[in-house]
Amino acid sequence: MKSKLIKKPSDDLIIFLSGWGCDDNQFKNMHSEKNVFLCWDYSDISFDFDASSYKNVHLLAYSAGVFAAGLIKDKLPRLKQKIAVNGNPLMFDDYYGIPKDVIKVFKGLNLSNYMAFRRDYLVASEEELENFNKNSSMRTFESCFEELDNLQKLAASNYPVMEFDKAIIAEKDKIFSPDRQKEYFRGKYKTLNDCAHNVFYRFKNFDEILSF
């Protein structure tokens, strides 16, 4: 995976595992008083980061990052907090995971329909779409398809699952069923009303998500 360390004068660290198709450009609007180790692109699931110098390490996993967290959990340091946002460790499960018709939409993305995909699946308003487009991912379709193929291959065998302390579930998420996520996380969740899959315009910074 690709990564970027955003340094702050703090003893705390957030490991942020972003979603499918994301990159660092997509989260320019998100800040923190803590150091942030931002990760994306699971075409390669390698994870190599020494967090021994940090006093408190928080894990924040979004969408496909919730699945990826399990794949690297043996490489992660001791975590003070583990939060899942609009994702499930069983990403491709027929019941808890992304529906097959949505996966088909992912694989059919191109220059003529990607804007409709953002509007229909990622945001809850035209204002959010405008903000999303200002800081959208710069990755190619080919890169995203390669990542999705690798994630599906990893899910085809027995894989480790991360247990989270809390989940944040958007009531209007069309990628992961909100009702089934509530069932999976069994009361260890909070909901966001009138919010779609991308929640990052409902919070001012990463710290607000951690304390939500």
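Start your tour by selecting V85, which sits in strand β5. The model on your screen is a predicted one, so treat this as a walk through a prediction.

**Stop 1: V85 and its surroundings**

Is V85 buried or exposed? V85 has a relative accessible area of 1%, and because buried means under 20%, V85 counts as buried. Now show the residues around V85. Leaving out residues up to four places away in sequence, V85 touches L60, A61, Y62, S63, V66, I168, V199 and I209. If you would like a distance to check in your viewer, pick the C-alpha atoms of V85 and Y121: the two residues are 36 apart along the chain, and these atoms are separated by 15 Å.

Move one label along to N86, which lies in the loop between β5 and α2. N86 is not a glycine, yet its phi is positive, at about 45°. N86 is also buried, with a relative accessible area of 3%.

**Stop 2: the whole chain**

Zoom out and switch to a cartoon. How many helices and strands are there in the protein? You should find 7 helices and 7 strands. Traced from the N terminus, the elements follow the order β-β-β-β-α-β-α-α-α-α-β-α-β-α.

The C-alpha trace spans about 45 × 40 × 35 Å along its principal axes. The radius of gyration is 16 Å, which agrees with the value near 17 Å for a compact globule of 212 residues. Colour by accessibility and you will see that buried residues make up 52% of the 212 residues. For a contact map, note that among contacts with a separation of 6 or more, 70% are between residues 24 or more positions apart.

**Stop 3: the sheet**

Select the strands next. In what order do the 7 strands lie in the open sheet? The order is β1-β3-β2-β4-β5-β6-β7, and the pairing is mixed. At the edges you will find β1 (2–6) and β7 (189–192), each of which pairs on one side only. Neighbouring strands in this sheet are turned by 15° against each other on average, with direction ignored.

For one pair in detail, highlight β2 (residues 12–17) and β3 (residues 35–40). These two strands pair in the parallel sense over 5 bridges. Pick I15 and look across to β3, where its bridge partner is F37.

Then follow the chain past β7 to D194, in the loop between β7 and α7 (206–211). D194 is a residue other than glycine with a positive phi, near 55°.

**Stop 4: helices across the sheet**

Add helix α1 (residues 64–71), which lies across β2, β4 (56–62) and β5 (81–85) and runs at about 130° to β4. Why is α1 described as largely enclosed by the rest of the structure? It is because 7 of its 8 residues are buried. Those buried residues are A64, G65, V66, F67, A68, A69 and G70. The elements covering them include β2, β4, β5 and α5.

Now bring in helix α6 (residues 178–185). Helix α6 lies across β5, β6 (166–170) and β7, and runs at about 170° to β6.

**Stop 5: two helices in contact**

Hide the sheet and keep α2 (residues 100–107) with α5 (residues 141–155). The axes of these helices come within 10 Å and cross at roughly 145°. Show side chains to see I103, F106 and K107 of α2 meeting F145, L148, D149 and Q152 of α5. By type, the residues of this contact divide into 4 nonpolar, 1 polar and 2 charged.

**Stop 6: the nonpolar cores**

In soluble globular proteins, nonpolar side chains tend to be buried together. Here, the largest nonpolar core has 48 residues, and those touching the most other members are L17, F47, L59, F106 and F164. The element that gives the most to this core is α1, with 5 residues.

Centre the view on F47. Setting aside neighbours within four places in sequence, F47 is in contact with M1, I15, F37, C39, I72, K75 and L76. I15 and F37 are the bridge partners from the sheet stop.

Finish with another core, of 22 residues, lying apart from the largest one; L60, I168, A170 and I209 are among its members. L60, I168 and I209 also appear among the residues that V85 touches, which brings you back to the starting point of the tour.

Notes. Residues are numbered from 1 along each chain as its sequence is written. This is a predicted model: local features need pLDDT of at least 70, side-chain atom pairs count only at pLDDT 80 or more; totals for chains, interfaces and linings use all residues. Side-chain values use heavy atoms; hydrogens and water are left out. Axes are lines fitted to C-alpha atoms, for helices over the stretch in contact, and angles run from 0 to 180 degrees between N-to-C directions. Helices (H or I, at least four residues) and strands (E, at least two) are DSSP runs, numbered from the N terminus. Contact means heavy atoms within 4.5 Å. Ala, Val, Leu, Ile, Met, Phe, Trp, Tyr, Cys and Pro count as nonpolar, Asp, Glu, Lys and Arg as charged, and the others, Gly among them, as polar. Two strands pair if DSSP finds at least two bridges between them. A nonpolar core is a set of buried Ala, Val, Leu, Ile, Met, Phe, Trp, Tyr and Cys residues joined through side-chain atoms within 4.5 Å. Buried means under 20% relative accessible area, exposed over 50%, partly exposed in between (1.4 Å probe, protein chains only). The radius of gyration is taken over C-alpha atoms; the globule rule is 2.2 Å times the number of residues to the power 0.38.
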